[in-house]
Amino acid sequence: MSLKIEKVGVIGAGVMGATIAAHMANVGLSTVLLDIVPPKMPDALAKKGVSEDSKKFRNFFADSGLQGALKAKPAAFYVPDNASLVTTGNLEDDFDLLGQCDWIIEVVVELLDIKKDLLARIEKVRAPHAVVTTNTSGISVSAMSEHLSDEFQQHFLGTHFFNPPRYMKLFEIIPGPKTDQAIIDDMAAFAENVLGKGVVFAKDTPNFIANRIGVFGMSYLNKLIDEMELTFEEADALTGTVLGRPKMASYRLADLVGLDTLGHVADNVYDGAPDDEQREVFAPPAWFKGMLEKGWLGNKTKGGFYKKVKGEDGKKQILVLDRGTMDYRPTQKAKFASLEAAKQQPGGKGKLKAIYYAKDKAGEFTFKHMSAGLIYAAYRIPEIADDIVNIDNAMKWGFNWKMGPFEAWDALGVAKSVEKMKEAGLAIPAWVEEMLAGGKESFYKKENGELYYYDIPSKDYKLVEMSPEIILLPSLKERNKTVAENKGASLIDLGDGVLCLEFHTKMNSLGQDIITMVDKACDLVENEGWEGLVVANHGSNFSVGANLMLVLFTAQEEEFDELDWMIKKFQDSFMRLKYLAKPVVTAPHQMALGGGCEICLSSDRVVAAAETYTGLVEVGVGVIPAGGGTKELLLRNTHERVFKIAKGGLYPKQVYLLPFVARAFETIAMAKVATSAPEAIKMGIFKPTDKVVVNADYRIKKAKDNVLALNLAGYTPPRPIENIRVLGRDSMGVFKYALYNMHKAGFVTDHDINVATEVARVLTGGDVLPDTEVSEQYILDLERESFLKLCGMPQTQARMAHMLKTGKPLRN
């Protein structure tokens with residue numbers, strides 16, 4: 001990549017512009033955020049006597065945008081400190097700052113004339129090398145820039161982020177007619193490598209790829225529910241998880257996006273694509289227009305298709321709109337026999353096939369809805385994209401579908417579904433029929449662990465190109481790289497002598513199968529010449545912790561010797577990882593909670609996806625971390641910190657331990673969870689030497705590279721610690737007094753006191769004198785004692801049962 005981007009300018013400090021600026025800061029880029037000068041003095045500033053000459057007034061919109069990003073939920077910044085990289089300003093006083101930027105992004109109002117005027121101003125100040133992009137969601141890139149110089153147009157293109165920019169993977173690149181190919185390539189590489197995005201290449205057509213396909217599906221759905229007389233909640237039940245799509249399905253998603261936005265995007269296609277064979281589908285039904293007229297726009301107006309209200313009993317109630325009366329009524333659960341049957345099928349493909357080919361009303365609806373979407377996507381090639389891969393990736397990364405349209409079509413069986421479509425009188429795109437006639441029965445195929453897609457121009461399969469920074473474990477398994485496996489975990493050869501431990505239980509919860517494979521991995525690394533171990537997987541979450549059902553069942557049966565053995569086995573296996581002769585690197589992503597966090601704490605290094613949410617959350621189910629987590633948090637907050645201070649000339653016993661222990665206590669007793677990998681480092685859960693990877697797809701390769709780098713640097717394993725200085729029993733009074741005050745104020749329950757007292761007991765070293773030096777094993781034994789004691793309490797068992805039933809903690 002020849003393009004070097006170190007400073008970014010973002011114009012437009014609305015929700016989208018401000019959160020784009022936040023993500024630029026997240027990846028370490030100095031960012032300028034500009035907006036217009038307010039047309040009049042805001043009341044909030046007038047009350048403070050602010051003058052119109054002051055920066056507070058002139059930068060009000062940009063400052064407000066930055067503050068909004070800091071308060072955003074979910075958080076726009078990895079850590080609030082990143083906001084220091086964002087400089088605010090206005091388009092009159094600070095426009096020249098854009099001349100220092102390597103990338104300038106416009107995120108202003110979706111009006112062509114305003115964008116054209118702004119780009120003309122940018123052309124006068126931009127540096128010769130600077131790339132300028134628009135974040136438009138549907139206005140023509142060519143129309144925006146056609147009045148500008150060829151040199152400007154060569155450096156101009158569309159880069160469409162999806163909202164919220166930090167979390168949504170999709171990044172649509174829309175080249176203009178004169179955009180330099182080198183600029184396109186460099187921006188794609190930058191988006192993937194630095195911003196952590198999944199890049200698709202779109203044509204300069206209305207709404208590009210994801211919104212074109214997605215809004216067609218929504219518009220068609222509006223007409224189909226009228227035709228089949230289905231309610232909004234019935235449509236949502238049939239267009240959500242059973243199809244491999246998000247739980248909020250269609251109309252809940254529309255409420256989140258906003259009906260005004262949805263209507264605007266549909267209008268874009270209706271007005272901008274007169275030759276679209278389904279153009280009339282994008283015209284809204286009368287009831288949709290009525291909702292817009294009434295201002296029922298969704299969540300932003302506290303009511304759309306659904307509305308939350310307080311019932312007569314004071315509890316929250318969800319109402320749904322009745323299209324016939326245009327009044328809200330209580331929601332009703334959708335009841336379809338085929339839907340319930342489909343939910344019982346194994347895997348996403350099995351569920352999809354079951355509901356698509358079902359014979360009842362739900363099956364008829366799904367057939368019509370899915371078939372229309374599949375055919376529409378097929379007709380859009382090459383109009384909106386050159387191939388099926390870009391369309392599938394756009395829908396997976398932009399709408400969080402499990403399968404893109406063509407992957408879903410493969411799951412249904414292309415030939416079988418096409419036959420059913422023809423019987424229903426549907427027109428099949430010629431290239432699909434041609435593919436089937438040529439003996440090609442699927443849009444994708446796998447050979448020797450590599451994925452190929454059907455290429456329309458060549459009428460043959462082509463390799464799906466993938467970054468060398470991505471390692472896919474299923475692909476390695478298909479190439480017979482599995483070294484050992486059981487029902488819960490596998491050991492896979494990553495190449496170059498590095499072994500990978502992969503979990504594949506439900507939610508990747510840790511049970512006996514995984515612990516057995518941890519020990520097997522340690523045996524192989526120690527005895528068969530492996531260079532080291534990576535712990536990683538491709539699950540929805542890295543690991544949500546121990547198998548809670550097993551723990552609860554064993555406790556209820558009062559098999560405490562068995563439970564003691566189980567916890568000791570966890571501790572011993574994680575200690576083996578910590579002191580293995582070769583490097584161990586974990587690569588967590590998404591949730592790494594409880595035991596999932598503990599296995600990270602036991603490794604030499606963590607290479608975490610930036611979107612890793614980690615913490616020791618065991619107190620939520622009435623126990624303490626007992627797989628070494630309490631011990632490791634104690635070490636990270638005391639032993640390691642104290643000896644760092646000691647290197648500055650202060651003898652360890654002269655360091656007052658209480659503040660360090662209190663930090664560990666607060667983290668565990670309050671079940672604090674880091675909402676990003678950088679925050680986990682800041683909280684002391686991960687180490688400053690641990691690595692953060694913004695593109696989660698890269699983490700396994702980066703983890704492997706770290707194993708090799710540690711060896712190359714002359715890795716020597718750590719030695720068990722025998723001299724952990726603890727506060728001892730005298731300091732327990734400090735923690736008990738704090739808990740007493742919290743209980744008196746109503747912040748904690750009786751059982752919270754029980755659990756937190758055990759956390760404090762372990763962290764202070766139990767019944768020993770102040771400044772006693774103890775071993776890691778001593779702390780582990782305390783962990784286990786406290787865990788077993790708490791498991792025997794009815795309140796803990798009630799918390800565990802409630803968590804398993806509802807997925808939520810119980811306050812008792």
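Let's start with two helices that meet in this predicted model. Helix α31 covers residues 750–763 and helix α33 covers residues 794–806; their axes come within 10 Å and cross at roughly 100 degrees. That angle is why α31 counts as roughly perpendicular to α33. Which residues make the contact? On the α31 side you'll find H751, D752 and N754, and they meet Q795, T796 and R799 in α33. Sort the residues of this contact by type and you get no nonpolar, four polar and two charged.

Now for the sheet. Eight strands form an open sheet with mixed pairing, and if you walk across it the order is β3-β2-β1-β4-β5-β6-β7-β8. The edge strands are β3 and β8, each of which pairs on one side only. From one strand to the next, the twist averages 25 degrees. Helix α1 packs on this sheet, and its direction makes about 170 degrees with that of β2. Here are the strands that α1 touches, leaving out β3, which it also touches:

| Strand touched by α1 | Residues |
|---|---|
| β1 | 7–11 |
| β2 | 30–35 |
| β4 | 103–106 |
| β6 | 156–161 |

Over at the β8 edge, the partner is β7 (residues 170–175), and the two pair in the parallel sense over four bridges. If you want a spot to zoom in on, I173 stands opposite F201 in β8.

What about the nonpolar residues tucked inside? The largest nonpolar core has 111 residues, and those touching the most other members are I122, F305, F406, W409, W431 and F443. Helix α16 (residues 361–379) gives this core its largest share, 10 residues. Take I122 as an example: leaving aside residues up to four places away in sequence, I122 touches I11, F95, L98, I104, V132 and F152. Apart from this core lies another, with 85 residues, including F570, F735, M793 and M800.

Finally, have a look at E558. Where does E558 sit? Its place is in the loop between α23 (548–556) and α24 (560–578). Is E558 buried or exposed? Its relative accessibility is 60%, so E558 counts as exposed, given that the cut-off for exposed is over 50%. You can also compare E558 with E598: the two are 40 residues apart in sequence, and their C-alpha atoms are 26 Å apart in space.

Technical notes:
Residues are numbered from 1 along each chain as its sequence is written. This is a predicted model: local features need pLDDT of at least 70, side-chain atom pairs count only at pLDDT 80 or more; totals for chains, interfaces and linings use all residues. Side-chain values use heavy atoms; hydrogens and water are left out. Axes are lines fitted to C-alpha atoms, for helices over the stretch in contact, and angles run from 0 to 180 degrees between N-to-C directions. Angles under 35 degrees count as roughly parallel, over 145 as roughly antiparallel, 65 to 115 as roughly perpendicular and the rest as oblique. Contact means heavy atoms within 4.5 Å. Ala, Val, Leu, Ile, Met, Phe, Trp, Tyr, Cys and Pro count as nonpolar, Asp, Glu, Lys and Arg as charged, and the others, Gly among them, as polar. A nonpolar core is a set of buried Ala, Val, Leu, Ile, Met, Phe, Trp, Tyr and Cys residues joined through side-chain atoms within 4.5 Å. Buried means under 20% relative accessible area, exposed over 50%, partly exposed in between (1.4 Å probe, protein chains only). Two strands pair if DSSP finds at least two bridges between them.
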